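Biologist: Can you walk me through this one? Start with the terms you use.

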Amino acid sequence: MVWVNQVIQGILTGGLYALFACGLSLMFGVMKVVNLAHGDLAIVGGYVAVGVITVTHVPVLWSFVIVVPLMAVLGYVLQRTVIQAALDRSVLTTLLVTFGLSVVIENALLEFFTAGSHSLGTGNAIITSSFSIGSQISIAYLGLLIFAVAVVVLTGLQYFLSRSRYGRMIRAVADDKEAAQLSGIDYRHVFGIAAAIAFGTVALAGIAYGMTSQFAPSTGTDTILLFAFAAVVIGGLGSLWGTLLGGVILGVAQAIGAQINGSDELLAGYIVFLVVLVVRPQGLIARGGQA
Amino acid sequence: MSGAQGEASTPILEVRDLTVHHGQLRALDRISLRVLPGEVYAIIGANGAGKSTLLRTIAGLHHPTEGSIRYDGQDVTRIRPERRATSGIAMVPEGRRLFGSLTVQENLQIGATYARKGPWTIDRVYELFSWMRDRRAQRTEQLSGGEQQAVAIGRALVANPRVLLLDELSLGLAPVVVQRIYGMMPQILASGLTVLLVEQDVSQALRVASHLQCLLEGRTTLEGRPSDVTAAEVEAAYFGLRSAPAEETEP
């Protein structure tokens, strides 16, 4: 039963990882940007939530209503200015620029919030309580909630991309941005929208993370970015369901590793990551045609 | 409004002294052309003559070093490609350039995203290419070359352009397929379009063109109505044969 419990915990954590990863996957899929600042942006989302809650006294669970749009706007603006300027030069420049952004963000957070760790919503009943099935399985309401949010977000994003007018434009631009221009589409605007979605989802993930764990300015690159990359690689680039699967596999591997030996948690996750990279480098669910 | 004799002297598209460089290479050297409404203006020339560069520059995908492009009386030389597209210049690019992961229908929908008002709709394209409706849910990467070319033409048409730029429709297609596609031209022109096409296949270009211009290494070597030029002149201009005058044995 202990193992069943660990697998359940792993699956629930995997939802959070998928939420971290989907924006990373989207930005790479659409504009070929490997956003090394992605993890830091999640933490920015967490800190913005801390600030918003302090100022407006909005309930923790509803802070996303303010934080997500703010981060989406930031995403659009950053994409249309700094990241687009880098893209116009070269792919390598883009990598250096997002790395630079990561450094800038981390140091700015250190400056404003110090190196001490923060968290969100300790003391809130929904956030801290859990229920039990039998004697060994204990499920936190928060974990279940975050997993549900991740599934809803990924489903919504999938639906948006496959059915909506802007989703279609995003896919067209990802295929061939020059051909899209010939159809009157300003790909820079479409890139901006994709970045807004990526920043919005990662901010949501950052808030969720802040409710489950302590975070500090360095958490973004130390933990989140790596987990997001691992989830994307395991699941397969460009596939949102693959991202969810990748997140869940990573979460389960970590949970089982932790059960075997407390210090093997991260190791187990990365072993699965490496095995997938060797055996199936395109990821478990490769996007048809684009792989 | 298109093809009206009264407006025949007002070009819908006018290129003046266009020079384009690819790095150090001078791809186009002071090219000028005037396309009148309703015309089918064909630019022929061998590989590397600068034909595609000319078309891509008119569409806004290359920046000229010198010269100007006027469309509908306005200077569009510095205007972004997507703005030119929405103002009525559509292009079927070389190699078709469909959105491979999108379906046939979605490709057409993208073409219609910022469409101008006009006769072309997705339904009308399905009528023009009768096979297309049944296969609208297929991804375009699963289509044959000729079918892809048809979708690419449809994607440009649904934008209801005033000027249609066709870049090497025949490229990589079987002759019978090329014939069929050029055979569609009268139906396409009937909607009042002006066409500027670039073609390596001279016989196809001559079949549909009302005006001919031949490029060689970025310069114009021949210009005129197809009825006014001889096959020998075209050949000489196309290949750059200096001995052309010696062959003028006609009376």
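Modeller: Two residues are in contact if their C-beta atoms, placed from the backbone, lie within 7 Å. This is a predicted model: local features need pLDDT of at least 70, side-chain atom pairs count only at pLDDT 80 or more, and totals for chains, interfaces and linings use all residues. Residues are numbered from 1 along each chain as its sequence is written, with chains lettered from A and ligands numbered from 1 in the order written.

Biologist: How many residues does each chain bring to the contact?

Modeller: Chain A gives 17 residues and chain B gives 23 residues. On the chain A side, α7 (165-175) and α8 (177-182) each supply at least two. Helices here are DSSP runs (H or I, at least four residues), numbered from the N terminus.

Biologist: What is the make-up of that chain A side?

Modeller: It splits into 6 nonpolar, 5 polar and 6 charged residues. Ala, Val, Leu, Ile, Met, Phe, Trp, Tyr, Cys and Pro count as nonpolar, Asp, Glu, Lys and Arg as charged, and the others, Gly among them, as polar.

Biologist: New topic. How are the ipTM and pTM scores?

Modeller: ipTM is 0.89 and pTM is 0.91.

Biologist: And what is the average pLDDT of chain B?

Modeller: It averages 90, with 93% of the residues at 70 or above. pLDDT is the predictor's confidence in each residue, from 0 to 100.

Biologist: Where does it fall below 50?

Modeller: Residues 1-7 of chain B are one such stretch, with 9 contacts beyond near neighbours in sequence. Residues 246-251 of chain B are below 50 too, with 1 such contact. Where pLDDT is low, the predicted coordinates should not be read in detail.
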